[in-house]
2 protein chains.
Amino acid sequence: MAAYTLPKKIAARQHEITADFLMVIDRHLADLLAGRVTEMYEIRDIADELHIHPTHLSNTIKLTTGQAPCYFFEEKIMTIARSMLTDPQQSVASIAAILTFDPSNFTKFFKRFQGVTPKQYREEYWRAEREKTEMLTI
Amino acid sequence: MAAYTLPKKIAARQHEITADFLMVIDRHLADLLAGRVTEMYEIRDIADELHIHPTHLSNTIKLTTGQAPCYFFEEKIMTIARSMLTDPQQSVASIAAILTFDPSNFTKFFKRFQGVTPKQYREEYWRAEREKTEMLTI
DNA sequence: TTAAACGGAAACTGTCACCATAGCCTAACC
DNA sequence: GGTTAGGCTATGGTGACAGTTTCCGTTTAA
């Protein structure tokens, strides 16, 4: 009997793929923000990096999470976009550029998920901030 | 070896869509002429009826026939228009109305395909008819 | 020997950019 | 007065392309 057994497989291959996928997009987005890359990954690029077929990636992510790969990618991009919009120094166009959108598409993309345009989102954010400050000073 | 095989699929899904598309526009135009409907179908309406995406409809028709969906739609409308114009009772404007055009656009539409305006077409048609009759009476 | 992993074709959904033109009005022309 | 042309703008259709889903065939490992 072997005294040492391999650690029990916590995740099946499916979950390994899912975890790897999430790591890859996190790393890629970090690279994008740091300016180390300037092109947005496509699903094909991620599948290539994981050495599996794009269709198989799509199927596996959907199977383990109930959501398609794009969902997570887009969610993370939205989180970054919202965060950058709270910085009044950055123009909407420059944020769009960093996220590899052309300005027009960035607005469409953002509005589709957030319901409001980037500019509206920024304005509402600062209005809310001002109200908070007033609460303190009164 | 199976003695009975299913009949070989003659038409792939693509051809099924194409056939259905042609049926739908035929039926719709018949409805229009009979006054059962007064609005011209758009590609979206046909796609809805076939339960597929408009883009997919467009791409599939183009793939199987080499022509875009509009081509067939417009061809059939032109056939109807030419036929109605041979009836001297119907004014050009009333024909336009039945085909859901405003008079000005109908002329433009007709000329684009036929090279001549509706009125010219009608006149040439009757001139040709008269010549035929003269041939007989001489 | 069988169930998961994987490859891959085909059908389908969806977005975007481009542009021809329908729609609408006015004006000109038989 | 019915027909046609001109001019403007909003928009529908298209073609290209990315992604998803379904389905099935192979391989692989237990």
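User: Hi! What is 3.2 Å from an N or O atom in the side chain of B:T55?
Analyst: Hello! That is a base oxygen of DNA strand C. Please keep in mind that this is a predicted model.

User: Thanks. Which other side chain has a polar atom lying 2.9 Å from a base nitrogen of DNA strand C?
Analyst: That one belongs to B:N105. B:N105 also turns up among the residues that come nearest to DNA strand C, along with A:R13, B:R13, B:H53 and B:R112.

User: How many residues are around DNA strand C?
Analyst: There are 27 of them. Sorted by class, five are nonpolar, 14 are polar and eight are charged.

User: And what share of the strand C atoms within 4 Å of the protein belongs to sugar or phosphate?
Analyst: For DNA strand C it is 67%, and the rest of those atoms belong to bases. As an example on the phosphate side, a backbone N or O atom of A:H53 lies 2.8 Å from a phosphate oxygen of the strand.

User: Which helices supply at least two residues each to the surface near strand C?
Analyst: In chain A they are α1 (13–34), α3 (54–65) and α6 (103–114). Chain B brings in α1 (13–33), α3 (54–65) and α6 (103–114). The largest share comes from α6(B), with four residues.

User: Let's switch to DNA strand D. Which residues are closest there?
Analyst: A:N59, B:S58, B:K108, B:T117 and B:K119 are the closest of the 29 residues that surround DNA strand D. Of the strand D atoms that come within 4 Å of the protein, sugar and phosphate account for 70%.

User: Where do backbone atoms of the protein lie 3.1 Å from a phosphate oxygen of strand D?
Analyst: One place is A:C70, through a backbone N or O atom. Another is B:A93, where a backbone N or O atom lies 3.1 Å from a phosphate oxygen of DNA strand D.

User: What about bases: which side chain has an N or O atom 3.5 Å from a base nitrogen of strand D?
Analyst: That is the side chain of B:N59.

User: Which helix gives the most to the surface near strand D?
Analyst: It is α6(B), with five residues. Other helices of chain B that supply at least two residues each include α5 (92–98) and α7 (118–137), while chain A contributes through α3 and α4 (69–85).

User: Last one: how does that surface split by class?
Analyst: Near DNA strand D there are twelve nonpolar, ten polar and seven charged residues.

How values were computed. Residues numbered from 1 in each chain as written. Chains lettered and ligands numbered in written order. Predicted model: local features only at pLDDT ≥ 70, side-chain atom pairs only at ≥ 80, totals over all residues. Heavy atoms only, no water. Near = heavy atom within 4 Å. Polar contact = N/O pair within 3.5 Å; in protein donor to acceptor, adjacent residues only side chain to side chain. Nonpolar A, V, L, I, M, F, W, Y, C, P; charged D, E, K, R; others polar.
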